[in-house]
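Reader: Please take a close look at one part of this model and set out carefully what can be said about it.

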Amino acid sequence: MFALRSAEPADLPAISALDARLTGEAKAAYWQGMLQQYAGGPPSRHFLVAETPNGQVAGFIVGEVRAWEFGQPAAGWVFAIQVDPKLRLKGAGSALFQALCGKFREQGVRRVRTLVDRKDNLILSFFRAQGMTAGPSLQLDKDLQ
Amino acid sequence: MKLQTATRLGLYAVLELARDPDRTLSVAELAERFDVSAHHLAKVLRTLASAGLVRGGRGATGGYRFTGNRRRTTLMDIVALFEPAPGQRAKEPGEDTDIGGALQRVLSEIDEIAEATLRSISLETMLRNTSTKSTAGSR
């Protein structure tokens, strides 16, 4: 039902609008930068889009293979994944995640990891359903007064 | 994380019954499968039935079957039936002191992580992981 392809600069309006709708915060400049860095960037960086047969962007995923971040050996990091709420539960998110994992495998990494807001049950459940479990790191925060 | 016995039995029973919602299992069969007390399990199943997760048949041969939604029900939904909710926990002696308060903040942090984990895992996901492990183990 969904075709997967690498994102292109022309996807910026659709990606930016989808993210703004889901997060309530417009950040076109951020997504423009992400597209510049991750779409057609180095082979370790990936920005994939799922589109419907009529060419509508149904969702996207962004990730990169990085080594020695926080002392960890090379792993595929998922930085963002979004799927249009009207097109959810049809496999777009799973297809994007599996495709990104395939890209990571091609580069020789055997772990995929991400960071999730622990109150965001929807995205936590999604990653759990993909087989992800708690990783070896704990994220720590502190308010800077 | 330590779960009360009733919580563990509730998770065992729901997950076993949810494997095949068309299948009916008696309390004795479930108790034998997990090597647990049938008396205790019967009480747990009544709680699960009140929550609409299982339905019990009548009579000596009547058993239980799963009536919930595997994709929508999370491990936390079952845990919450048997464990006190975070806000309903009775205050422990010493909690009002500075040390007691600091300790409570650490324990609350652990509880929040545990709750987020339990809330993120649906029965569907859990059963898929179970069958993956079984398949891997049988190779």
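What percentage of the 139 residues of chain B count as buried? I would also like to know how chain B is built up, and what can be said of the helix pair in chain A.

Author: The model is a predicted one, and within it 21% of the 139 residues of chain B count as buried. The secondary structure of this chain comprises 6 helices and 2 strands, and when chain B is followed along its sequence these elements appear in the pattern α-α-α-β-β-α-α-α. Among the contacts in chain B with a separation of 6 or more, 65% join residues that are 24 or more positions apart.

Chain B also touches its neighbour, for 9 residues of chain B are in contact with 7 residues of chain A; on the chain A side, the residues involved divide into 3 nonpolar, 2 polar and 2 charged.

Turning to the helix pair in chain A, helix H1 (residues 12–23) and helix H2 (residues 28–38) have axes that come within 9 Å and cross at roughly 130 degrees. Because angles over 115 degrees but not over 145 fall outside the perpendicular and antiparallel ranges, H1(A) is described as oblique to H2(A), and the crossing of H1(A) past H2(A) is right-handed. The residues that meet are Leu12(A), Ile15(A), Ser16(A) and Asp19(A) from H1(A), with Ala28(A), Trp31(A), Gln32(A) and Leu35(A) from H2(A). Sorted by class, this contact between H1(A) and H2(A) consists of 5 nonpolar, 2 polar and 1 charged residues.

Definitions and conventions:
Residues are numbered from 1 along each chain as its sequence is written. Chains are lettered from A and ligands numbered from 1 in the order in which they are written. This is a predicted model: local features need pLDDT of at least 70, side-chain atom pairs count only at pLDDT 80 or more; totals for chains, interfaces and linings use all residues. Axes are lines fitted to C-alpha atoms, for helices over the stretch in contact, and angles run from 0 to 180 degrees between N-to-C directions. Helices (H or I, at least four residues) and strands (E, at least two) are DSSP runs, numbered from the N terminus. Angles under 35 degrees count as roughly parallel, over 145 as roughly antiparallel, 65 to 115 as roughly perpendicular and the rest as oblique. A crossing is left-handed if the near helix is turned anticlockwise from the far one by less than a right angle, and right-handed if clockwise. Two residues are in contact if their C-beta atoms, placed from the backbone, lie within 7 Å. Ala, Val, Leu, Ile, Met, Phe, Trp, Tyr, Cys and Pro count as nonpolar, Asp, Glu, Lys and Arg as charged, and the others, Gly among them, as polar. A residue is buried if 20 or more other C-beta atoms lie within 10 Å of its own, exposed if 12 or fewer, and partly exposed in between; C-beta atoms are placed from the backbone.
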